[in-house]
Amino acid sequence: MSEHLDLPSMRVGYGAADSTGADGVVEHLDTTWLTGDPPWPALFQRWLGEAVAAQIPEPNAMVLGTVDADGRPATRTVLCKGADADGVVFFTGYDSRKGRALAANPVASVTFPWIAMERQVHFRGRVVKVDPAETLAYWQARPRGSQLSAYASQQSEPIGSRADLVAAAAAVAAEFGGVDGQTPVPVPPHWGGYRLEPVSVEFWQGRADRLHNRVLTEDTGTGWTVQRLQP
Ligand SMILES: Cc1cc2nc3c(=O)[nH]c(=O)nc-3n(C[C@H](O)[C@H](O)[C@H](O)COP(=O)(O)O)c2cc1C
Ligand SMILES: Cc1ncc(COP(=O)(O)O)c(C=O)c1O
């Protein structure tokens, strides 16, 4: 397949030398942009807001990396449903492949790939389950169809066919009064939120000639440091 695509010559250059990038920002990302304790939330909120304003697809999508009990890494995309100084929150199946990895190894990375903005933000840290009340509040805000699907899905387990999957979802819908029924769908015992509590957050801003800007903030245990990294 890829032999018909000239992958080696595929590249996008960022900005003109010494000028603004697609993020529309003239100044270069600088360590002084990271202030506060912890230093990352203010800039992260600003960049997230700019990604939303730029109408890029799914600006709250983030790539979550985990490592399972055998040391095997895996990544997949999840939606960020909360971000503040305590960390970034996502919701998923607790018995899924990622849920099992997090039970064995409660650490993760997440990357927001805001490529259209020529930006990315990369988090690493410890992962904890959110409080059941936080899961319930988010669950109740989800569309009923999504609730029924999450209830029916043993996420990451094999299933024989699409028809089997649809039948499993229909059985769950029937149990709760139908797709358009009024019976509330309870939070499935196998579903809920996680919070990644960052110990490091790196901001990346693409620049001409691959001379990009990278600023890393890390929790050293006695306080947060802020450093520029080479591209
Ligand atoms: C844009 C996008 C957003 C997604 N958001 C979520 C999410 O918030 N939670 C989730 O469980 N899966 C989400 N998925 C599906 C996951 O990428 C993944 O397929 C699923 O969680 C199973 O992953 P696992 O087998 O590694 O546990 C999303 C997929 C895409 C493409
Ligand atoms: C399986 C699954 N769970 C959760 C989500 C998060 O989205 P939401 O909670 O907004 O439905 C997604 C989004 O694609 C998803 O695919």
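UniProt positions are given here in the numbering of this structure, and such annotations may be inferred rather than shown by experiment. Keep in mind too that this is a predicted model. With that settled, let's work through some exercises.

**Exercise 1. Find the residues that UniProt lists under "binding site", and say how far they spread in space.**

Step 1. The unreviewed UniProt entry places this feature at Lys 81, Tyr 138, Arg 142, Ser 146, Arg 210, Leu 211 and His 212.

Step 2. In sequence they are spread over 132 residues. In space they are spread as well, with up to 43.1 Å between C-alpha atoms.

**Exercise 2. Take Lys 81 and Leu 211: where does each sit, and is each buried or exposed, or in between?**

Step 1. Look for Lys 81 in the loop between strand E2 (73–79) and strand E3 (82–84). Leu 211 also has its place in a loop, the one between strand E7 (191–205) and strand E8 (213–219).

Step 2. Recall the cut-offs: a residue is buried with 20 or more other C-beta atoms within 10 Å, and exposed with 12 or fewer.

Step 3. Lys 81 has 16 such atoms, so Lys 81 is partly exposed. Leu 211 has 14, and therefore counts as partly exposed.

Step 4. Now list the contacts of Lys 81, leaving out neighbours within four places in sequence: Val 89, Phe 90, Phe 91 and Tyr 138. Tyr 138 is itself one of the annotated "binding site" positions.

**Exercise 3. Describe the surroundings of ligand 1 and of ligand 2.**

Step 1. Start with ligand 1, which has 16 residues around it; Thr 92, Ser 96, Arg 97, Lys 98 and Ser 156 come nearest. The elements giving two or more residues to this shell are E2, strand E4 (87–93) and helix H2 (97–104). E2 gives the most, with 5 residues.

Step 2. Sort the ligand 1 shell by class: 6 residues are nonpolar, 6 polar and 4 charged.

Step 3. Turn to ligand 2, surrounded by Leu 79, Phe 91, Arg 142 and Ser 146. By class, this shell has 2 nonpolar, 1 polar and 1 charged residues. Arg 142 and Ser 146 also appear in the UniProt "binding site" feature.

**Exercise 4. Work out how strands E1 and E2 are joined.**

Step 1. Strand E1 (residues 61–67) runs antiparallel to E2, and 7 bridges join the two.

Step 2. For a single pair, pick Ala 61, which stands opposite Leu 79 in E2.

Step 3. The two strands form a hairpin with 5 residues between them. In the turn, Gly 71 has a positive phi of about 80 degrees.

**Exercise 5. Is Phe 44 buried or exposed, and what does Phe 44 touch?**

Step 1. Phe 44 lies in helix H1 (residues 40–53).

Step 2. There are 22 other C-beta atoms within 10 Å of Phe 44, so Phe 44 is buried.

Step 3. Setting aside residues up to four places away in sequence, Phe 44 touches Ala 83 and Val 121. Phe 44 and Asp 84 are 40 residues apart in sequence, while their C-alpha atoms are 9.1 Å apart.

**Exercise 6. Why do the buried residues of H4 line one face of the helix?**

Step 1. In helix H4 (residues 144–152), the buried residues are Gln 147, Leu 148, Ala 150 and Tyr 151.

Step 2. Viewed down the axis of H4, these buried residues fall within an arc of 165 degrees, so they line one face.

Step 3. The buried residues of H4 pack against helix H3 (132–141), helix H5 (162–175) and E7.

How values were computed. Residues numbered from 1 in each chain as written. Chains lettered and ligands numbered in written order. Predicted model: local features only at pLDDT ≥ 70, side-chain atom pairs only at ≥ 80, totals over all residues. Helix = DSSP H or I, 4+ residues; strand = E, 2+ residues; numbered from the N terminus. Contact = placed C-beta atoms within 7 Å. Near = placed C-beta within 6 Å. Nonpolar A, V, L, I, M, F, W, Y, C, P; charged D, E, K, R; others polar. Arc of directions from axis to C-beta. Pairing = 2+ DSSP bridges.
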